[in-house]
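Reader: I'd like a close look at one part of this structure: the helices, the loops beside them, and what packs there. Please start with how the elements are counted.

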Amino acid sequence: MRTPENQSMVVVDGAHGEGGGQILRTALTLAVLTERPTRIENVRARRGRPGLRPQHLTCVRAAAAICDAELHGDELGSQTVTLIPGSASRPGNYDFDVAEAAEGGSAGSVGLILQTILLPLAMARGESRIELHGGTHVAWAPSVSYLQHVFLPTLARMGIEADVSLEQWGFYPRGGGSIQVRIEGRRRSLQPVALTDRGALDRIWGIATVTNLPSHIPQRMANRAQNVLAERGLSAKVEPRRLRGAGPGAGIFLFVDYEHALAGFTAYGRKGLPAEHVAEAACQDLIAHHQSGAPVDPYLADQLVLPTALAAGESRLTTSEVTQHLLTNVWAVRKFLDCSLSVEGGAGGPGVLVVEGVGYD
């Protein structure tokens, strides 16, 4: 994809749109894929603690590692980062630990680190194996369970083969989790995807998990989730699990398998919040999505912007909610790729994402 005409510095305003880490991660991914020098300014400008936090710094260093990049501004709190790729992304074996970027450890999301380097390594010609250490199930990020059961299976339809093994659960605030990832590498061009009709409901299932907490907590989450969904005429099987981890944590992870689509919904516990309330929060999100009739949940929609932009042809996705994350991601992709992206529908309501991909080669 690299051409002499596109090697000027790309400058990305991290304060645009929702102004969070999504702009940084998308810019890093596309900088590696296009091999274009990139500067991201005003990093996470709209967050309470702007600049690079441990997980964002780890994303920056991981992106640089896979393409031998020159880096500037790679330190905690930095609000300007410059990445100058030295090569195309290199398949291989990599190990990244969020704790190395933090003082005293961190529950920074390993899922967000994986999303930053997944596509560049998937487009490389050769297998990669990655170990990631940090938070596996934390708020404001896709859980490893979501990646396993929704995101990666959907990418497989487009031609990306990757699998994740969850070795150790890591909840906020201690983290301490770990995953192993295998990315096959590119064998053919990415295929566009049409997700406009979800088909029949196959099943609703999930897991209610705690680490270092009493066993009655996951059982209560599972029971309440099944009861709430049953009241809406939805049968679900939720498995309670009690595991050991670096620290205490609790969460419920619900999944909906439709004939042509997958969706996932998550809620996390915290001190003082009854287990039943945690379950109810995840159920309400699931019910709202199911009642919309849309195949693509709000989280998957923004995560598919990048792969559909790289695919060869038109992708069309109907989502139950257009989020600011989705709109911001569309804006960021346009900074790097000359492709057509449009969102039909306003923020907060249902909508359709239409992408005419560039056909990455």
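Author: Helices are DSSP runs of H or I with at least four residues, strands are runs of E with at least two, and both are numbered from the N terminus. Keep in mind that the model is predicted.

Start with the loop that joins β10 (201-211) to α5 (216-231), where Asn-212 sits. The phi of Asn-212 is positive, near 60°, and this residue is not a glycine. Most residues other than glycine have a negative phi. Is Asn-212 buried, exposed or partly exposed? Its relative accessible area is 35%, so Asn-212 is partly exposed.

Trp-140 also has a positive phi, about 65°, without being a glycine. This tryptophan belongs to the loop from β6 (128-134) to α4 (144-158). The exposed class begins over 50% relative accessible area. Trp-140 has 85%, so this side of the loop is open at that residue.

Follow that loop into α4. How does the span of α4 compare with the value expected at 1.5 Å a residue? The helix has 15 residues, which should span 21 Å, and the end C-alpha atoms lie 20 Å apart, so the two agree. α4 is not straight, though: there is a bend of about 35° at Phe-151. A proline, Pro-153, comes within four residues after the bend. The buried residues of α4 include Val-144, Tyr-146, Leu-147, Val-150, Phe-151, Leu-155 and Met-158. Polar side chains appear there too: Ser-145 and Thr-154 are buried in α4. After the helix comes Gly-159, with a positive phi near 110°.

Stay with Phe-151, the residue at the bend. Beyond four places in sequence, Phe-151 touches Gln-115, Leu-118, Tyr-146, Leu-300, Gln-303 and Leu-304. Which residues have the most contacts inside the largest nonpolar core? They are Ile-130, Phe-151 and Val-333, in a core of 87 residues. Helix α3 (110-123) contributes the most to this core, nine residues. There is also a second, separate core of 27 residues, with Met-221, Leu-254, Ala-263 and Val-278 among them.

Val-278 leads to α6, where this residue is one of the buried ones. α6 runs over residues 275-292, 18 residues in total. From first C-alpha to last, α6 reaches 27 Å, close to the 26 Å expected. Also buried in α6 are Ala-275, Ala-279, Ala-282, Cys-283, Leu-286 and Ile-287, as well as His-289 and His-290. Where do the buried residues of α6 fall when seen down the helix axis? They fall within an arc of 165°, so they line one face of α6. That set packs against β10, α5, β12 (249-258) and β13 (262-268). Gly-293, just after α6, has a positive phi of about 80°.

Now back toward α4, by way of a strand. Leu-195 lies in β9, which covers residues 194-195. The relative accessible area of Leu-195 is 3%, so this leucine is buried. Outside four places in sequence, its contacts include Thr-154 and Arg-157. Leu-304 is in contact with Leu-195 and is touched by Phe-151. Other contacts of Leu-195 include His-260, Ala-261, Pro-295 and Val-296. How far apart are Leu-195 and Ser-315 in sequence and in space? They are 120 residues apart in sequence, yet 8.0 Å apart in space, C-alpha to C-alpha.

Two further spots lie in β7, β8 and the loop between them. That loop joins β7 (162-168) to β8 (177-183) and holds Pro-173. The peptide bond from Tyr-172 into Pro-173 is cis, with omega near 5°. Most peptide bonds are trans.

Arg-182 lies in β8 itself. Buried means under 20% relative accessible area. Arg-182 has 19%, so this arginine counts as buried. What joins the side chains of Arg-182 and Asp-163? A polar contact of 2.8 Å does. Arg-182 also touches Glu-127, Ser-128, Arg-129, Glu-161 and Ala-162.

How values were computed:
Residues are numbered from 1 along each chain as its sequence is written. This is a predicted model: local features need pLDDT of at least 70, side-chain atom pairs count only at pLDDT 80 or more; totals for chains, interfaces and linings use all residues. Side-chain values use heavy atoms; hydrogens and water are left out. Buried means under 20% relative accessible area, exposed over 50%, partly exposed in between (1.4 Å probe, protein chains only). The expected span of a helix is 1.5 Å times one less than its number of residues. The arc is that of the directions from the helix axis to the C-beta atoms. Contact means heavy atoms within 4.5 Å. A polar contact is a pair of N or O atoms within 3.5 Å; within protein, one must be able to donate a hydrogen and the other to accept it, and residues adjacent in sequence count only if both atoms are side-chain atoms. The bend at a residue is the angle between axes fitted to the seven residues ending there and the seven starting there. A nonpolar core is a set of buried Ala, Val, Leu, Ile, Met, Phe, Trp, Tyr and Cys residues joined through side-chain atoms within 4.5 Å.
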